[in-house]
Amino acid sequence: MQRAAIGVDLGGTNLRFGLVREDEKIISRRRTGTMAAEGVEIVLERLTSGIQTLAMKAESTGLEVAGIGIGVPGIISVRDGIVRLSPNLPGWQDVPLRSRLSESFQYPVYVENDANAYALGEYWFGAGKGAKSMVCITLGTGVGGGIILDGHVWRGADGMAGEVGHITVNPDGPLCPCGNRGCLERYSSATAVMEMAAQAASGSGKTALKTLLKSGLLTPEAIANAAKKGDREAVRIYSEAGKYLGIAVADLIDLLNMECIVIGGGMSGAWELIIGPLKEEVQARAFKIPAGRCRILRGRLKDDAGILGAAGLALKTNP
Ligand SMILES: [Zn+2]
């Protein structure tokens with residue numbers, strides 16, 4: 001009987017499920033709102049019902065379910081499957097997610113931090129396939145990170161390792177909600193790009209961003225399109241995002257000497273706008289040998305990385 005696993009990406013807004021076969025194909029998927037504001041029990045109900053649907057699908061197609069993997073934003077106690085704290089999910093404090101799901105399902109349940117699940121997805125099935133050490137950086141609303149060393153996620157003493165988005169890249173930079181100044185997230189996230197664009201649009205210079213802002217069409221994609229058409233302000237904004245990302249990447253290379261860095265998340269769609277300035281910083285700052293060896297790659301799995309990584313936890317650790 002062919003094996004499959006159910007991978008879940010539990011986000012603050014969307015709850016996404018995939019039935020992933022051992023040959024890495026997502027053969028069925030579901031997507032629903034998380035309804036995080038309704039509280040823990042409602043989210044658990046929605047989670048259980050989505051998993052149930054895919055478990056039935058597996059059964060009807062003759063697949064053996066190896067387990068359930070769930071990526072959750074926040075601090076996760078991976079060993080006992082407990083969500084310690086999640087800033088994106090109100091009320092989620094010390095929720096024993098694994099044991100709660102084990103009341104409804106007989107399969108093994110794996111709970112992992114969402115950025116780590118994303119990194120594992122790219123590592124096992126995407127751009128990082130074949131590497132032994134990798135850092136995955138996700139550029140979205142915020143900037144997330146996952147570190148994989150010799151095939152294992154490096155979680156740190158408190159399960160909080162990999163917070164690449166809060167590395168200081170400018171000591172005098174803008175204040176970050178985390179309390180620090182000049183975090184990477186304040187330059188290279190979609191939020192930061194939008195803020196820089198709004199600022200540029202209200203300045204005196206000539207830029208297409210003004211029209212975009214006025215007509216309510218200012219999005220990271222629209223800013224990237226303006227940059228691709230040569231709008232100087234838009235180009236400058238993405239260069240800044242790439243430059244500061246490059247500073248962080250250079251530090252990571254010198255610190256970890258890993259085989260590759262995979263950059264994913266929604267903002268990686270502006271790859272050609274950020275990769276040049278990024279590589280310039282790496283060349284100027286990092287040691288030549290580790291910088292020369294480190295492949296800087298665009299993520300391949302997009303939104304599926306989280307689902308695939310979560311499913312991989314069941315497929316790879318339970319052969
Ligand atoms: Zn920060």
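This is a short talk on the domains, sheets and helix packing of one structure.

Let me begin with the basis: this is a predicted model, in which local features need pLDDT of at least 70 and side-chain atom pairs count only at pLDDT 80 or more, while totals for chains, interfaces and linings use all residues. Residues are numbered from 1 along each chain as its sequence is written.

The domain assignment, which comes from an automatic or database source, gives domain 1 as 3-124 + 303-317 and domain 2 as 131-298. The centres of the two domains, taken over C-alpha atoms, are separated by 27 Å. Where they touch, 12 residues of domain 1 are in contact with 14 residues of domain 2, contact meaning that the C-beta atoms, placed from the backbone, lie within 7 Å. On the domain 1 side, β5 (75-77) and α3 are the elements that give two or more residues, and α3 supplies the largest share, 7 residues. By class, that side has 9 nonpolar, 2 polar and 1 charged residues, where Ala, Val, Leu, Ile, Met, Phe, Trp, Tyr, Cys and Pro count as nonpolar, Asp, Glu, Lys and Arg as charged, and the others, Gly among them, as polar.

I turn now to the sheets; helices (H or I, at least four residues) and strands (E, at least two) are DSSP runs, numbered from the N terminus, and two strands pair if DSSP finds at least two bridges between them. One open sheet has 5 strands in the order β3-β2-β1-β4-β8, with mixed pairing, and its edge strands are β3 (26-33) and β8 (109-113). Within this sheet, β1 (residues 3-10) and β2 (residues 14-21) pair in the antiparallel sense over 7 bridges, and Ala5 stands opposite Val20 in β2. Helix α3 (residues 114-125) lies across β1, β4 (64-72) and β8, running at about 100 degrees to β8; angles run from 0 to 180 degrees between N-to-C directions, with axes fitted to C-alpha atoms, for helices over the stretch in contact.

Another open sheet of 5 strands follows the order β11-β10-β9-β12-β13, again with mixed pairing. Here β12 (residues 260-264) runs parallel to β13, joined by 4 bridges, and Ile261 stands opposite Ile296 in β13.

Last, which helix comes within 10 Å of α5, axis to axis? It is α8 (residues 232-256), whose axis crosses that of α5 (residues 190-201) at roughly 145 degrees. Ala192, Val193, Met196, Ala197 and Ala200 in α5 meet Glu233, Ile237, Glu240 and Ala241 in α8, a contact with 7 nonpolar, no polar and 2 charged residues.

Conventions
Two residues are in contact if their C-beta atoms, placed from the backbone, lie within 7 Å.
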